[in-house]
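Let's take a walk through this model, one helix and one sheet at a time. Have the structure open and turn it as you read.

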Amino acid sequence: MTFPARKEPAAPKPAKPVKQPVRSSRQRDRELAEQRLIEAMSSAVGRATKGRGSAPISITATAQYRNPHLMLGEHGYSVVSNAFMSRVLAPVIAARNMTPTEVAVLLYCMGEQKKGFVSIKRQQDVADFLVLPRTNVSSALVRLEEWHMIRKVNRTKLQMNPTLCFNGNGDLQQEELTAARLLQATPGDFPDLVVPSPRTKKGSSS
């Protein structure tokens, strides 16, 4: 009696590689920060309990994060003084103590700053972007510096007054503010604000 040939079991299919989720740089930074926090806590507890026996210690750390701000565009955002916006700038604009050009150039600098500094290689580039004569932009920058809203660092670099508007965290803002105060030759110099006063002659509407 013959039996049918037994079929050999099929070889198992190779398992598909499990795709690891792609971690963003923000996620990696968070994980690194959590690990450093746990290590710092472990070190601190170890020093505090040194010589007090060998009882096991369990440390649990939970990091909670707020949602990021969702702002227009890809330039991020800056922290702006509410008092400057509502108590200084708004009344000054209403009273026409600043020309539209001066306001436009100020807002341009506030929005283009990175960590408190603005790079302007050519004033003509700013003028072209704002559709203004270059001489008007140049005059506006001079007036903004007189009011201590900006400070000229060199020919192509400006500093925003860090008490008015700053792009960066609080530690960096205070560093720049401290450095700015160390540069004060006399009390009242930058970064102390000078509020634009009414002009002796009717200002241009440019």
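**From a kinked helix to a small sheet**

Start with helix α2, where F84, V88, L89 and V92 are buried. Keep in mind as you look that this is a predicted model. What do the buried residues of α2 pack against? Their partner is α3, which covers 100-112.

Now check the length of α2. The helix takes in residues 82-94, so 13 residues at 1.5 Å a residue should span 18 Å. The expected span is 1.5 Å times one less than the number of residues, and the C-alpha atoms at the two ends of α2 sit 17 Å apart, which agrees with that figure. Along the way there's a kink of about 25° at V88, shortly before the proline P91. V88 is also one of the buried residues of this helix, so you've met it already.

Have a look at both ends of α2 too. At its start, S81 puts a side-chain oxygen within 3.3 Å of the backbone nitrogen of A83. Just after the helix comes R96, with a positive phi of about 60°.

Next, move over to the sheet. It's an open one built from 3 strands, in the order β2-β4-β3, with antiparallel pairing. The edge positions go to β2 (117-119) and β3 (150-154); each has a single partner strand, so one side of each is left without a neighbour in the sheet. From one strand to the next, the twist averages 30°.

Zoom in on the pairing of β2 with β4, residues 157-160: the two run antiparallel and 3 bridges join them. Within this pairing, F117 stands opposite Q159 of β4. Then pull back and find helix α5, residues 134-146, lying across β3 and β4. Its direction is at about 110° to that of β3.

Finish with one residue of β4, namely L158. Is L158 buried or exposed? Its relative accessible area is 11%, and buried means under 20%, so L158 counts as buried. What does L158 touch, leaving aside residues up to four places away in sequence? Its contacts are C109, G116, F117, V118, I120, L141, I150, R151, K152 and V153. Of these, F117 and V118 fall in β2 (117-119), while I150, R151, K152 and V153 fall in β3 (150-154). L141 belongs to the stretch of α5, residues 134-146. As for S119, it is 39 residues from L158 in sequence, yet the two are 6.5 Å apart in space, C-alpha to C-alpha.

Terms used. Residues are numbered from 1 along each chain as its sequence is written. This is a predicted model: local features need pLDDT of at least 70, side-chain atom pairs count only at pLDDT 80 or more; totals for chains, interfaces and linings use all residues. Side-chain values use heavy atoms; hydrogens and water are left out. Helices (H or I, at least four residues) and strands (E, at least two) are DSSP runs, numbered from the N terminus. The bend at a residue is the angle between axes fitted to the seven residues ending there and the seven starting there. Buried means under 20% relative accessible area, exposed over 50%, partly exposed in between (1.4 Å probe, protein chains only). Contact means heavy atoms within 4.5 Å. A polar contact is a pair of N or O atoms within 3.5 Å; within protein, one must be able to donate a hydrogen and the other to accept it, and residues adjacent in sequence count only if both atoms are side-chain atoms. Two strands pair if DSSP finds at least two bridges between them. Axes are lines fitted to C-alpha atoms, for helices over the stretch in contact, and angles run from 0 to 180 degrees between N-to-C directions.
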